[in-house]
Amino acid sequence: MQHSISKYFNWPKALVAALVLTASATNYVSAQTATAETKTAVGTSKNWGTVDGVSIVGLVQGPSAAVSDLQIACVFEYTDGDIFNPPALPKDLNGMVHLDEALKGIITDVRKSGKFQGHALETLLISPPKGSLASKKLLLIGLGDRNAFNADLMKEVGSVAMREALNLKVTTVSFASDLKDAGIDSPTALVAENVVLGAFDAYRAQSYLKSKSFSDELKLKKLILLAGPAFFTTAGEGIQDAISKLNAK
């Protein structure tokens, strides 16, 4: 920009620099405004569709405040202060921190002590004290080594989540991947799609057993996928892709 201005006007360099900085600042503010406008309000809920009679709902909410029979949250193998320090999101945006604080630090306690190591697909069921969470039960699912994360793992995580939900005979289950909270630059749409695909692989396996009289009744009516304000729409795209694939089978 400086060269193009100087070509036609013999202005002082300081004035040219000021014009460049002003233009840059204007562009930055515009970009920030555009980003803010794409965020979805906390509490927003949308039914993205139905698979095998189960509604699949998107919800902008943290895992400590989402109402369900079973809340599922995902964590990596423990490193000191990993949910509190960068690259994890700041406290006000970090659902896992809110979840841990609501439970008086028990999530950090069991992880730090090695009682729950967070290995890939490892599970731990927690019964929250009354009034601490909006959900009745909390299930932690391990994601393994954060440095080796691959979105394909989320299909298996979705399957494990669904099997546990069916075993517990709940009617509503809420799922939080917590990847963004942990500071992982994951592909939001693909993660959401894989969770739903994996969940219904497990659901349909159990439904098959039910048809052969080898399983109890499947009581699940609603699968809720949580997303942050900046990721609701993108997650919804992945969820819709999964619904289309599942309903085409």
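Here is a short walk through one helix, one buried aromatic residue and some salt bridges of this predicted model.

Let's start with helix α5, residues 153-167. Its 15 residues should span 21 Å at 1.5 Å a residue, and the end C-alpha atoms are indeed 21 Å apart. Many of its side chains face inward: among the buried residues are Leu153, Met154, Val157, Val160 and Leu166. The buried residues of α5 pack against strands β3, β4, β5 and β6 and against helix α6. After the helix comes Lys169, whose phi is positive, near 60 degrees.

Next, look for Phe116 in the loop between α4 and β4. Phe116 is buried, with a relative accessible area of 1%. Its contacts farther along the chain include Val75, Val110, Leu124, Leu140 and Ile141. The C-alpha atoms of Phe116 and Tyr78 are 8.9 Å apart, although 38 residues separate the two along the chain.

Now for the charged pairs: the whole structure holds 7 salt bridges. One of them joins Asp69 to Lys136, with the closest N and O atoms 3.4 Å apart. Asp69 sits in the loop between β2 and β3 and Lys136 in the loop between β4 and β5, so this pair ties together parts 67 residues apart in sequence. Asp69 is buried at 15% relative accessibility, whereas Lys136 is exposed at 59%.

A second pair is Lys245 and Glu193, at 2.4 Å from N to O. This pair links helix α7 to helix α6 across 52 residues. Here Glu193 is buried, while Lys245 is partly exposed. Finally, salt bridges with shared partners join Asp82, Arg111 and Arg146 into one network.

Notes
Residues are numbered from 1 along each chain as its sequence is written. This is a predicted model: local features need pLDDT of at least 70, side-chain atom pairs count only at pLDDT 80 or more; totals for chains, interfaces and linings use all residues. Side-chain values use heavy atoms; hydrogens and water are left out. Helices (H or I, at least four residues) and strands (E, at least two) are DSSP runs, numbered from the N terminus. The expected span of a helix is 1.5 Å times one less than its number of residues. Buried means under 20% relative accessible area, exposed over 50%, partly exposed in between (1.4 Å probe, protein chains only). Contact means heavy atoms within 4.5 Å. A salt bridge is a side-chain nitrogen of Lys or Arg within 4 Å of a carboxyl oxygen of Asp or Glu. Lists of a residue's contacts leave out its neighbours within four places in sequence.
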